[in-house]
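Reader: I would like a close look at the salt bridges in this model, with the cut-offs stated as you go.

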Amino acid sequence: MKLINKTILYYLLISLPLLIIAGFISYHLIRMELRDGTDEALKKEKTNAIKLIHSFSEPHNVNLSFDSLCTIRVTTAGRTGEVYTDTSIYDKEEEEYVLYRFLRSYYSSGKNNYLITVAKTTIEEDELMEGIFSTFAIVIGFLVVTFFIVNWLLSRTLWKPFYKTLSELNTYDIKKHEYHQFQNETTAEFNKLNMALSKMTEKIHSDFLQQKEFTENASHEMQTPLAVVKVNLSLLMQSPNLKEEEMNQLQAIENTLKKLSALNKTLLLLTKIENNQFKENETIHLNEVVSKSLSNYADLIQAKNIQLETNFESNLTVEMNPVLADILLSNLLQNAIRHNQEGGSIVISTKGNTLSVSNSGEALTISQQELFVRFKKNDGSKDSLGLGLSIVKSISSLYGFEISYDYSNTLHTFTLKI
Amino acid sequence: MKILLIEDEPELRKSIKQYLHQEGFLVELATDFIKASEKASDYDYDCVLVDITLPKGNGLDIIRQLKKNHSKAGIIIISARNSSGDKITGLDLGADDYLSKPFDLAELNSRVKAVIRRRNFDGNTSIVVNEITIIPEQRMVKVNNEPISLTAKEYDLLLFFITNKNRVVSKNAIAEHLWGDDSDQIDSHDFIYVHLRNLRKKLADKGCRDYVQTIYGIGYNFKVNG
């Protein structure tokens with residue numbers, strides 16, 4: 001629920017009991033006022049009746065109204081005082097009960113005693129209540145409508161900076177954006193929010209840069225010690241009196257060193273891709289890059305007795321860095337060769353704006369989501385670093401290509417959509 | 001043959017010097033930019049090995065200086081920065097080759113020899129080892145004066161062996177030489193074996209002796225003397 005609607009709801013919830021109390025008070029006040037008014041009128045009638053009595057030559061009864069509700073009666077008892085009563089009387093013409101207020105008052109003109117009865121119709125309580133209720137209902141209705149309209153208008157103007165900030169946050173990408181400055185606003189709260197966000201993104205950005213710099217520097221710094229180990233190992237290998245066991249140990253060290261170097265090189269490459277250090281773009285014909293890569297791997301493909309099928313239906317041309325184009329496609333091809341079986345097959349095809357590389361092979365033991373994650377690799381590919389496909393992913397996302405994976409009929413297919 | 005090695009890491013300096021010295025090179029050392037700059041301007045070298053990140057300066061400026069003085073030395077950049085930008089700049093300035101750390105000494109040796117060969121004889125030279133003659137410019141191999149036809153990989157393998165003759169070269173060094181960066185990705189050792197088997201057969205067919213010794217566990221030695 002939107003904040004604005006929530007506010008309205010709360011306002012309404014609070015105003016409801018207030019309105020009920022207001023209704024109750026109004027009801028009592030109005031009833032009192034009405035009664036006072038009626039009583040005033042009755043007193044006036046009574047005064048008129050007394051005047052009439054004074055004009056009597058003989059004491060007698062008089063009907064003051066047609067319905068015989070207002071009367072002057074001659075009484076014997078010498079009583080005084082007056083009393084108000086309310087009585088409902090059935091009205092034949094209106095076919096309903098009508099509430100009357102009566103004033104009975106005893107009057108003595110000196111010689112004779114009279115009972116003066118005057119009556120006036122008055123509003124019944126339930127009618128009054130009904131009136132007040134409907135009035136308040138209308139008021140609430142108006143309130144709701146006004147609240148909504150006013151808030152809708154306000155939200156469009158007052159909340160505008162908030163939505164602006166929100167959309168800026170949504171499009172903020174730490175990898176692409178430089179440090180983002182949120183604009184100053186006239187509303188104090190939003191200004192504070194924007195200032196806090198500016199500060200936060202600046203912090204995140206500088207941390208991110210530091211992190212990236214660290215990774216790159218660490219990789220660079222590792223190259224020289226690795227080189228020292230490697231050259232010394234080469235020299236050690238030249239030693240003429242090595243025993244078989246020592247040779248095995250040297251081989252183990254060298255293989256591990258090679259893996260470590262490859263790992264370091266690949267991490268450096270990934271960092272560079274993410275740091276956008278491959279800037280020089282050229283028009284690249286992907287089909288040609290594929291053909292070139294394939295000729296590089298011809299002996300590998302042959303050695304595994306892999307059936308190669310190329311199917312170039314369309315010519316894919318992209319603007320990208322030539323080094324990265326090479327890396328992207330050779331990684332896809334290497335993947336297809338490495339995870340293939342003896343006597344398997346590779347199918348490379350271009351169609352529309354897609355390039356797909358399929359290879360035969362066992363189903364994955366890891367999930368498809370993990371396929372592009374760094375250091376995730378299928379069981380049984382122990383010599384793989386598990387970084388090839390994350391390089392593919394990294395380069396693809398740098399240029400906005402879509403890379404997807406599918407497995408059906410023992411065929412792994414990677415599709416690159418440019 | 002004189003080589004100037006400009007490298008600030010002492011261990012690396014020592015090992016490279018030792019290896020190249022055994023190959024018959026005279027190796028001079030420079031540990032920082034200023035010493036390197038002095039030596040480069042005072043003496044003539046056949047080959048200069050230069051690290052890009054140096055104390056007190058940038059290795060690229062040494063290349064500029066050498067080129068300004070019309071030096072005939074072959075220049076090989078050895079860098080830890082492995083950046084395509086440095087590589088392109090270096091080669092544009094006139095460096096002959098670029099080798100990124102960590103590299104194998106056999107690889108460095110083969111690059112140094114290739115550069116010197118190209119510089120000194122403008123490529124018109126042949127390498128002779130007993131009955132084997134290699135003419136690098138034409139990528140041609142003759143055994144007992146009879147040309148034999150080798151595939152690109154077999155040729156590279158033979159040249160690499162001969163450049164590093166009487167040396168133990170590891171399978172990994174061979175793989176890196178033949179496949180470059182891709183050697184990380186492929187099951188290269190099996191392929192080396194396949195290429196070597198074919199090479200040996202082609203050489204033997206022309207009556208060539210089998211010089212390639214298998215060094216158990218590590219790699220091979222192309223043994224010429226003794």
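Author: What follows concerns the charged pairs and where they sit. The model is predicted, so local features need pLDDT of at least 70 and side-chain atom pairs count only at pLDDT 80 or more, while totals for chains, interfaces and linings use all residues. Residues are numbered from 1 along each chain as its sequence is written, chains are lettered from A and ligands numbered from 1 in the order in which they are written, and side-chain values use heavy atoms, with hydrogens and water left out.

A salt bridge here is a side-chain nitrogen of Lys or Arg within 4 Å of a carboxyl oxygen of Asp or Glu, and the count over all chains comes to 22. One of them joins Glu82(A) to Lys46(A), with the closest N and O atoms 2.7 Å apart; this pair links distant parts of the chain, since Glu82(A) belongs to strand β3 (residues 82–91) and Lys46(A) to helix α1 (residues 3–54), 36 residues apart. Helices (H or I, at least four residues) and strands (E, at least two) are DSSP runs, numbered from the N terminus. Glu82(A) is partly exposed at 37% relative accessible area, whereas Lys46(A), at 16%, is buried (buried means under 20%, exposed over 50%, partly exposed in between, with a 1.4 Å probe and protein chains only).

Strand β3 of chain A also holds Asp86(A), whose partner Arg101(A) lies in strand β4 (residues 96–108), 15 residues apart, and their closest N and O atoms are 2.9 Å apart. Arg101(A) is buried at 8% relative accessibility, while Asp86(A) is partly exposed at 38%.
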